[in-house]
Amino acid sequence: MSDLNKLGLAEARDALRKGETTSKELTEACLAAIEGAGALNAFVHHTPEIALSQAAKADARLKSSEEAPAMCGLPIGIKDLFCTKGVPSQAGSRILEGFLPEYESTVSQQLFDNGAVMLGKLNMDEFAMGSSNETSIYGNAVNPWRRGNDAAELTPGGSSGGSASAVAADLCLAATGTDTGGSIRQPAAFTGITGIKPTYGRCSRWGIVAFASSLDQAGPMTKSVRDAAIMLEAICGHDPKDSTSADLAVPNFEAALTGDVRGKKIGIPKEYRMDGMPDEIEALWQDGIAMMKDAGAEIVDISLPHTKYALPAYYVIAPAEASSNLARYDGVRYGHRAKLEQGDGITEMYEKTRAEGFGPEVQRRVMIGTYVLSAGFYDAYYNRARRVRTLIKKDFEDVFARGIDSILTPATPSAAFGLGEMADADPVQMYLNDVFTVTVNLAGLPGIAVPTGQDRQGLPLGLQLIGRPWEEADLLSSAYALEQAAGFVAKADKWW
Amino acid sequence: MAIDENTAARVAKLARIKVAPESLGALAGEFNGILGFIEQLNEVDIEGVEPMTSVTPQVLKRRVDEVTDGDQQGAVLKNAPDAREGFFAVPKVVE
């Protein structure tokens with residue numbers, strides 16, 4: 001077989017079982033693709049030795065057992081936010097330079113237990129704070145897509161920009177991502193791939209470098225909805241090491257992919273029609289609505305009245321939690337420590353270490369978080385934001401109580417933008433990237449981005465489906481219907 | 001409320017991030033931009049609304065109160081920038 005790196009998880013799994021290829025061959029094809037894709041800056045730590053050793057074990061397992069798990073032998077990339085034992089895990093930050101975890105994150109451990117092969121670690125915004133992968137210590141990850149023949153480099157989105165770029169450019173069969181405000185779904189939409197953030201609590205957060213603990217969730221970034229179902233099943237499940245992980249049975253998500261949406265009620269929230277939204281996004285949305293209707297779904301206009309307040313609430317809650325979570329980077333236990341001057345005490349060590357180790361966006365968010373939690377402002381900002389969050393969640397509960405099965409929205413307010421184009425914009429302009437995705441994190445719901453079209457310049461655009469809590473199986477099946485109807489097969493022309 | 005340079009300096013101190021005095025003005029400006037965006041929350045009627053503590057209602061699981069891990073001094077100290085004689089080493093804290 002040729003171009004093995006271009007396969008998806010399901011195709012590769014089936015090829016392995018038919019004896020048409022081996023994990024070694026799949027892995028070597030991906031390693032060669034990675035070798036030739038330095039210009040994308042997607043993989044930032046390469047682990048070919050680990051990959052080939054895992055591939056050999058997977059081939060042996062596939063040979064000896066008919067019952068090998070679905071992910072067995074499939075080469076994937078791991079976002080740098082996941083701690084991987086003995087392998088650099090920096091969260092895209094200088095402050096974790098040289099950190100080699102002594103433990104494995106639960107999600108990556110589950111993937112390895114399933115026989116998956118790790119090709120390396122993937123670029124990301126520093127501490128997952130960003131929407132363009134431009135805050136990374138490794139430099140920008142680059143989108144394999146370009147605006148027609150224009151050679152200007154575009155962002156793959158963020159924070160899981162390296163994951164998105166790597167999957168879209170066929171450097172791996174799939175990748176892990178994490179999503180705090182849209183960091184799986186926005187980059188997936190910007191690169192023409194599929195990304196799902198499961199219900200809060202579906203995947204263990206243990207061993208994932210924490211950003212905002214009440215919002216963070218891991219999820220798969222894949223070449224198809226079927227692949228997302230396969231990989232999601234492998235990473236879900238209860239973990240005693242994460243007290244917020246849910247002790248619920250994990251369904252067979254792939255078996256649930258009927259694509260039958262007849263009689264399903266799909267909500268269209270009027271508040272997601274934003275002022276100044278490009279007409280191409282509106283047209284994409286209308287096309288998606290028509291596709292679901294043609295497939296037999298019932299389209300229902302709904303209202304989520306507090307949508308407008310999701311981003312401001314997020315920009316209180318996420319920085320507040322980040323300021324607390326990132327207090328651990330003090331130069332004492334791991335990572336970077338600043339060189340001290342004669343007479344510097346422990347306070348100078350903290351202050352210099354954190355000034356050198358954190359980039360500007362992380363510093364900004366830690367300080368905003370510190371401010372909204374400080375005496376005198378805690379009620380006015382933090383508690384108010386948490387109360388608004390209750391109302392945002394209630395908006396969704398109300399429409400689900402009215403029988404809505406899932407909600408269809410655009411995934412992003414635009415196609416991928418140019419790297420550096422937002423450099424002079426104020427931080428709030430960048431935050432608006434997450435306007436359609438952040439509500440889902442605040443409400444703890446599952447959401448999936450599916451590529452369904454292209455803009456005039458040929459860039460991919462995605463739609464988002466939002467599901468009921470814990471009903472990822474139903475959500476994936478609806479996404480499968482959307483994928484079938486949209487028939488998105490475009491790939492970026494290889495220039496790298 | 002507008003943040004001035006003094007407030008920016010106080011926040012930087014609380015966050016234990018060294019900020020050069022000449023950068024405080026720009027930092028205060030950025031804070032004001034973000035806080036201005038956040039001010040929208042004041043439009044929302046939150047009377048009688050509870051602050052969210054857990055997004056998915058769940059009862060925390062209990063387990064037997066027993067030691068489940070330990071004896072990992074080497075692993076714990078492995079990544080320390082400065083570890084000596086089985087401890088993390090830091091600049092002098094108490095004179």
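Helices here are DSSP runs of H or I with at least four residues, strands are DSSP runs of E with at least two, and both are numbered from the N terminus. With that in hand, let me start with helix H2 of chain A, residues 23-35, where Lys24(A) and Glu28(A) both lie, 4 residues apart, about one turn of the helix. Their side chains meet in a salt bridge at 3.2 Å, N to O, a salt bridge being a side-chain nitrogen of Lys or Arg within 4 Å of a carboxyl oxygen of Asp or Glu. Over all chains, a search of the whole structure finds 29 salt bridges.

I should say early that this is a predicted model, in which local features need pLDDT of at least 70 and side-chain atom pairs count only at pLDDT 80 or more, while totals for chains, interfaces and linings use all residues. Residues are numbered from 1 along each chain as its sequence is written, chains are lettered from A and ligands numbered from 1 in the order in which they are written, and side-chain values use heavy atoms, with hydrogens and water left out.

Now to the interface. Chain A brings 67 residues to the contact and chain B brings 53, where contact means heavy atoms within 4.5 Å. About 5100 Å² is buried between the two chains, and carbon and sulfur atoms give 69% of that area; buried area is the accessible area, taken with a 1.4 Å probe, that two parts lose on being put together, summed over both. Of the area that chain A buries against chain B, Met367(A), Arg384(A) and Arg387(A) supply 14%, more than any other three residues.

Between chain A and chain B the count is 5 salt bridges, and one of the salt bridges in the model joins the side chains of Arg364(A) and Glu30(B), at 2.9 Å, N to O. Several helices of chain A give two or more residues to the side that touches chain B, among them H9 (310-325), H11 (360-373) and H12 (378-401), and H12(A) gives the most, with 11 residues.

Which strands of the sheet does H12(A) touch? Before answering, the sheet itself: in chain A, 11 strands form an open sheet with mixed pairing, in the order E1-E3-E2-E4-E6-E5-E10-E11-E9-E7-E8, and two strands pair if DSSP finds at least two bridges between them. The edge strands, each pairing on one side only, are E1 (43-46) and E8 (298-302) of chain A. E1(A) runs antiparallel to E3(A), residues 117-122, and 3 bridges join them; Phe43(A) stands opposite Leu122(A) in E3(A). As for H12(A), this helix packs on the sheet, touching E8, E9 (406-410) and E11 (460-467) of chain A.

Notes:
Axes fitted to C-alpha atoms, helices over the stretch in contact; angles between N-to-C directions.
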